[in-house]
Amino acid sequence: MNQQRKHWIESFAKAGYIAKGFIYILVGALTAMAAFGIGGKKASSSDALSQVKDFPAGGFLLSVLAVGLVGYSLWRFLQAIKDTEHKGSDAKGIGKRLAYAFSGLIYGSLAFAAFKLVSGSGGGSGSGGSKEKDLVSSLLDQPFGKWLVLLIGLITIGNGIRQLIKGTTASFMKDVKGLPRDRFDVLKKAGQAGFTARGIVFGIIGFLFIRAAWLQNPQEAGGTQSAFSFLQDSPFGNVLLGIVALGLIGYGVFMFVLAKYSDISVD
């Protein structure tokens, strides 16, 4: 591959990790503040973007974030299409590459939302998971729609379990090259907390989809904010919500580590 093109791809990927990390840190910080009663709110990624717009020079910062999110989206699509991590073409490899493509779609849509906020034509989500509810509602109107929603829920739970395994085994550290020894243990623990928190959130979102399918009620479905509400409504809810939110901050920190120390291979 042309070295200049390779350099640009690597730069976009690293900018993408930074943008993703920043959003996770904001989501975690806002939600932790809400859990501990010091302001904030149970935040989604869209809420984090809206918060950035309110910062000094918020429009500029939001534009930088949007470009970074585009970079992350393009990197995910490249991983899926070019198989940069050599996942292969068997069922497991195809599944992993499809997950990369799906991630690319999610962060591409988030980049689009950021650009809309910059232009003044978009606002915060404030919908408590309406996108998920709308999706479930449209699927339940289709033949076999109930089973499709169940499948989405099971896949989401499966992804949550995969995140929990990563958090438990710290297998994500294989993606980090050259991390200074004096920072290794601290950043490893941040990653473990982050992947564990993501696993819990994905598991709850998957459960909500399954419950919505089983009851055939789209209002039971939800995304990140609904998962936070589910945690908060459980015994010791604010404590659990605060712990998960702090874990998401750890995940954001680990994204910064990947931006600096990950081996981004595009050959």
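In this predicted model, helix 3 gives way to aspartate 83, a residue with a positive phi near 50°. Helix 3 itself covers residues 58-82, and its 25 residues reach 35 Å from the first C-alpha to the last, close to the 36 Å expected at 1.5 Å a residue. Arginine 76 belongs to this helix. Its side chain might catch the eye of anyone browsing for charged groups, and the accessibility value is worth noting: at a relative accessible area of 15%, arginine 76 is buried, because the cut-off for that class is under 20%. Beyond its neighbours within four places in sequence, arginine 76 is in contact with Tyr100, Ala101, Ser103 and Gly104.

Helix 1 offers a similar check on length. The helix runs over residues 3-35, and its 33 residues should span 48 Å at 1.5 Å a residue; the end C-alpha atoms are indeed 48 Å apart, so the two values agree. After helix 1 comes glycine 37, again with a positive phi, here near 70°. Two residues of helix 1 illustrate opposite surroundings. Arginine 5, placed in helix 1, is exposed, with a relative accessible area of 54%. Between the C-alpha atoms of arginine 5 and valine 253 there are 28 Å in space, and 248 residues separate the pair in sequence. Threonine 31 also lies in helix 1, but its relative accessibility is 0%, so threonine 31 counts as buried. Not counting residues up to four places away in sequence, threonine 31 touches Lys41, Lys42, Ala43, Phe228, Leu241 and Ala245.

One of those partners, Phe228, leads to helix 8, where Gln225, Ser226, Ala227, Phe228 and Leu231 are buried. The buried residues of this helix pack against several others, namely helix 1, helix 2 (45-53), helix 5, helix 7 and helix 9. The pairing with helix 9 (residues 237-261) can be described in more detail: the two axes are 7 Å apart and the packing angle is about 140°. Helix 8 is therefore oblique to helix 9, since an angle has to be over 145 degrees to count as roughly antiparallel. By class, this contact is made up of 6 nonpolar and 3 polar residues, with no charged ones. On the helix 8 side the participants are Phe228, Leu231 and Gln232, and they meet Gly237, Asn238, Leu240, Leu241, Val244 and Leu248 of helix 9. Leu241 thus appears both in this contact and among the residues touched by threonine 31.

The loops on either side of helix 8 deserve a look too. Most residues other than glycine have a negative phi. Against that background, glutamine 216 has a positive phi near 50° without being a glycine; this residue lies in the loop between helix 7 and helix 8. Glutamine 219 is found in that loop as well, with helix 7 spanning 181-215 and helix 8 spanning 224-232. Glutamine 219 has 54% relative accessibility and so counts as exposed. Its C-alpha atom is separated by 17 Å from that of aspartate 233, 14 residues away along the chain. In the loop between helix 8 and helix 9 sits phenylalanine 236, another residue other than glycine with a positive phi, about 55° in this case. Despite an aromatic side chain, phenylalanine 236 is exposed, with a relative accessible area of 70%.

Helix 5 (residues 130-140) contains leucine 135. With a relative accessible area of 38%, leucine 135 is partly exposed. Setting aside residues up to four places away in sequence, its contacts are Ile152 and Phe209. Leucine 135 also shows how the fold brings distant stretches of sequence together: proline 218 is 83 residues away along the chain, yet the C-alpha atoms of the two residues are 8.2 Å apart.

Finally, the interior can be considered as a whole. The largest nonpolar core holds 58 residues, and within it Tyr17, Leu49 and Phe254 have the most contacts. For phenylalanine 254, the contacts beyond neighbours within four places in sequence are Phe172, Met173, Val176, Leu187, Gly191 and Phe195.

Key:
Residues are numbered from 1 along each chain as its sequence is written. This is a predicted model: local features need pLDDT of at least 70, side-chain atom pairs count only at pLDDT 80 or more; totals for chains, interfaces and linings use all residues. Side-chain values use heavy atoms; hydrogens and water are left out. Helices (H or I, at least four residues) and strands (E, at least two) are DSSP runs, numbered from the N terminus. Buried means under 20% relative accessible area, exposed over 50%, partly exposed in between (1.4 Å probe, protein chains only). Contact means heavy atoms within 4.5 Å. Axes are lines fitted to C-alpha atoms, for helices over the stretch in contact, and angles run from 0 to 180 degrees between N-to-C directions. Angles under 35 degrees count as roughly parallel, over 145 as roughly antiparallel, 65 to 115 as roughly perpendicular and the rest as oblique. Ala, Val, Leu, Ile, Met, Phe, Trp, Tyr, Cys and Pro count as nonpolar, Asp, Glu, Lys and Arg as charged, and the others, Gly among them, as polar. The expected span of a helix is 1.5 Å times one less than its number of residues. A nonpolar core is a set of buried Ala, Val, Leu, Ile, Met, Phe, Trp, Tyr and Cys residues joined through side-chain atoms within 4.5 Å.
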